[in-house]
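These are my notebook entries on a structure that is new to me. I looked up its sheets, its pockets, its cavities and its salt bridges in turn.

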Amino acid sequence: EGSRASSNGCRVRLDLSGCKEFALFPGQIVAAIGVNAVGHTFVPRKIVHALPPASDAAPAEKAQVHPVTLMSAAGPLSTTDDLSYAPLTALLAKAVEVRPDALVLIGPFVDEQHPALSNAEVPCSYQELFERQVLAKLSEFIEDQIQDDGKITHVVLLPSTRDVHHQPVYPQPPFAESNVVPEHCAPYLHYANNPAHVSIGGVRIGACSVDTLFLLGQQELARTPPVAEGAPKPDRMARLASHVLGQRQLLPLFPAPTDERAPLAVDVCANLKAGALPSLPDILLAPSELAPFAKLCHAGVLAVNPGRLTRKAAGGNYATICIHPPKPPVEEPAADETPADAEAEPAAKPEEPDMIMEAALGLNSGVATAAEGTPAATAESAPVVKPEEGGDKGAPSGVLPLPADAPDGLVDRAFVEVKRI
């Protein structure tokens, strides 16, 4: 279908037999280079995808200067056999050990698909259940950190269309503030929209509770060129996440997918504005039913799927992300300040970036890599290095150390662990 300005929205059949490589889905904006020889069939030889939004430079006062540690988990937060929210309690206990700068929790918090809710077996209202089992636990978590007189973790809540106590149409407004949260704890509890664009310590994050990757995977039509022997295979998860960036929409499908088993109500007009990516994020949080991963996708953005905190009656996964700040630029000495014997000394050959990362992380066969030779995610068994006693008390706990000679790219500054709860 062409644009309204150039072709008045007319449609033409697309013959992709001449394209060696493409990845298309309904609602995608692309440019097709080819010919329409017979008038009713367009035969492209190349498909050009849209460019991601520009990466706006953060102001100097908002730029990242310290390591930022995040923990993220997506609902459901309670197993299907009860409503005790034991996985959420276990996650908060882990957060007490790690002490991240922020804990990003993505809904659903009161899942409409929970058996007790669908069978109307709850003795209280859905809002009361949310306040007693979620907000009360988070308030106690923040209260304990305030009493410890240490670093306090900020908590960010994103709603879901499956939250039975909240507006079910995407995009969604934030949760309403509750009196359950004490006044002195309220500054550390933040309610975000769905989708959300937040900045934590200079790290820009885009997040959406809709399972966009799963929906794209269902409707995507893709063809990849033959892979040479020994070359890495194309990464499907990174390609799906790149669609979100290339289309500049956290839910780029149009029309919205319809499934009677899991209906999704979308306000199409509001989605064009609220769901748009104003600028390129550093991290894309995309919780999905697919296997958890951390991938380097289009334009160097780190896409993380933390998985679900529960899997029916069992515990699920959560993610810990650490972003080190970029190294300051090194000022080169002036020509007249260069020592005379400097030319006689041979220049030391810098160590290769992949060797630096391997030495720092102790890579093994279980480590997930985001790009060829450049790791951006560690396996579940990777250790979390805690600061030594007597060190810098301002450094967050659970920070993975950055090698001294590591490059400034985000892929070499980001360390991700996906663990089971």
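**Entry 1. The sheet of five strands**

I note at the outset that this is a predicted model. I began with strand S12 (residues 283-285) and asked which way it runs relative to strand S14 (residues 302-305). The two strands are parallel, and 3 bridges join them. For Ile283, I found Leu302 in S14 as the bridge partner.

I then looked up the sheet to which these strands belong. It is an open sheet of 5 strands with mixed pairing, and I read its order as S9-S10-S12-S14-S13. Its edge strands are S9 (196-200) and S13 (293-296), each of which pairs on one side only. From one strand to the next, I recorded an average twist of 20°.

I next asked which strands helix H6 touches. Helix H6 (residues 236-247) packs on this sheet and touches S12, S13 and S14. I noted an angle of about 65° between the direction of H6 and that of S13.

**Entry 2. The sheet of three strands**

I turned to a second open sheet, which has 3 strands in the order S1-S4-S3 and mixed pairing. S1 and S3 each have a single partner strand and stand at the edges, so one side of each lacks a neighbour in the sheet.

I checked both pairings of S4. With strand S1 (residues 13-14), S4 pairs in the parallel sense over 2 bridges, and Leu14 stands opposite Phe42. With S3, S4 runs antiparallel, and 6 bridges join the two. Along this pairing, I found Val30 opposite His49 and Ile33 opposite Lys46.

I also followed the chain from S3 to S4. The two strands form a hairpin with 5 residues between them. In the turn, Gly39 has a positive phi of about 95°.

**Entry 3. The largest pocket**

I looked up the largest pocket and recorded a volume of about 1,200 Å³. Its lining comprises 35 residues, of which Glu1, Gly27, Gln28, Ile29 and Val30 are the closest to its centre. Val30 is thus a residue I had already met, opposite His49 in S4.

Which elements give two or more residues to this lining? I found helix H1 (4-7), strand S3 (30-35), strand S4 (41-49) and helix H7 (268-274). By class, I counted 22 nonpolar, 10 polar and 3 charged residues in the lining.

**Entry 4. The second largest pocket**

The second largest pocket holds about 930 Å³ of space. I listed 33 lining residues, and those closest to its centre are Gln113, Arg162, Ala262, Glu289 and Arg308. Helix H5 (212-219) and strand S15 (310-311) are the elements that give two or more residues to the lining. H5 gives the most, with 3 residues.

I asked how the lining of this pocket divides by class. It has 12 nonpolar, 11 polar and 10 charged residues.

**Entry 5. Cavities**

I then searched for cavities and found 3 of 30 Å³ or more. The largest has a volume of about 70 Å³. Its lining includes Cys208, Val210, Thr212, Leu213, Val244 and Leu250, as well as Leu284, Leu285, Ala286 and Pro287. H5 and S12 each supply at least two residues of this lining. I recorded 9 nonpolar residues, 1 polar residue and no charged residues here.

The second largest cavity contains about 50 Å³ of space. Among the residues that line it are Pro76, Leu77, Ser78, Leu83 and Tyr85. I also noted Phe109, Val110, Asp111, His114 and Leu117 in this lining. By class, it has 7 nonpolar, 2 polar and 1 charged residues.

**Entry 6. Salt bridges**

My last search covered the whole structure and gave 10 salt bridges. I looked more closely at one of them. Which side chain meets that of Glu1 in a salt bridge? I found that of Arg11, at 3.0 Å from N to O. Arg11 lies in the loop between H1 and S1, whereas Glu1 lies in the segment before H1, and the two are 10 residues apart. I recalled that side chains of opposite charge can pair when their charged atoms come close. Glu1 also appears in my third entry, among the residues closest to the centre of the largest pocket.

Methods
Residues are numbered from 1 along each chain as its sequence is written. This is a predicted model: local features need pLDDT of at least 70, side-chain atom pairs count only at pLDDT 80 or more; totals for chains, interfaces and linings use all residues. Side-chain values use heavy atoms; hydrogens and water are left out. Two strands pair if DSSP finds at least two bridges between them. Helices (H or I, at least four residues) and strands (E, at least two) are DSSP runs, numbered from the N terminus. Axes are lines fitted to C-alpha atoms, for helices over the stretch in contact, and angles run from 0 to 180 degrees between N-to-C directions. Contact means heavy atoms within 4.5 Å. On a 1 Å grid over the protein atoms alone, a cavity is a set of points where a 1.4 Å probe fits but cannot get out, and a pocket is an open set with protein on both sides within 12 Å along at least five of seven lines; lining residues have an atom within 4 Å of a point. Grid points are joined across faces, edges and corners, and a volume is the space filled by probe spheres set on the points. Ala, Val, Leu, Ile, Met, Phe, Trp, Tyr, Cys and Pro count as nonpolar, Asp, Glu, Lys and Arg as charged, and the others, Gly among them, as polar. A salt bridge is a side-chain nitrogen of Lys or Arg within 4 Å of a carboxyl oxygen of Asp or Glu.
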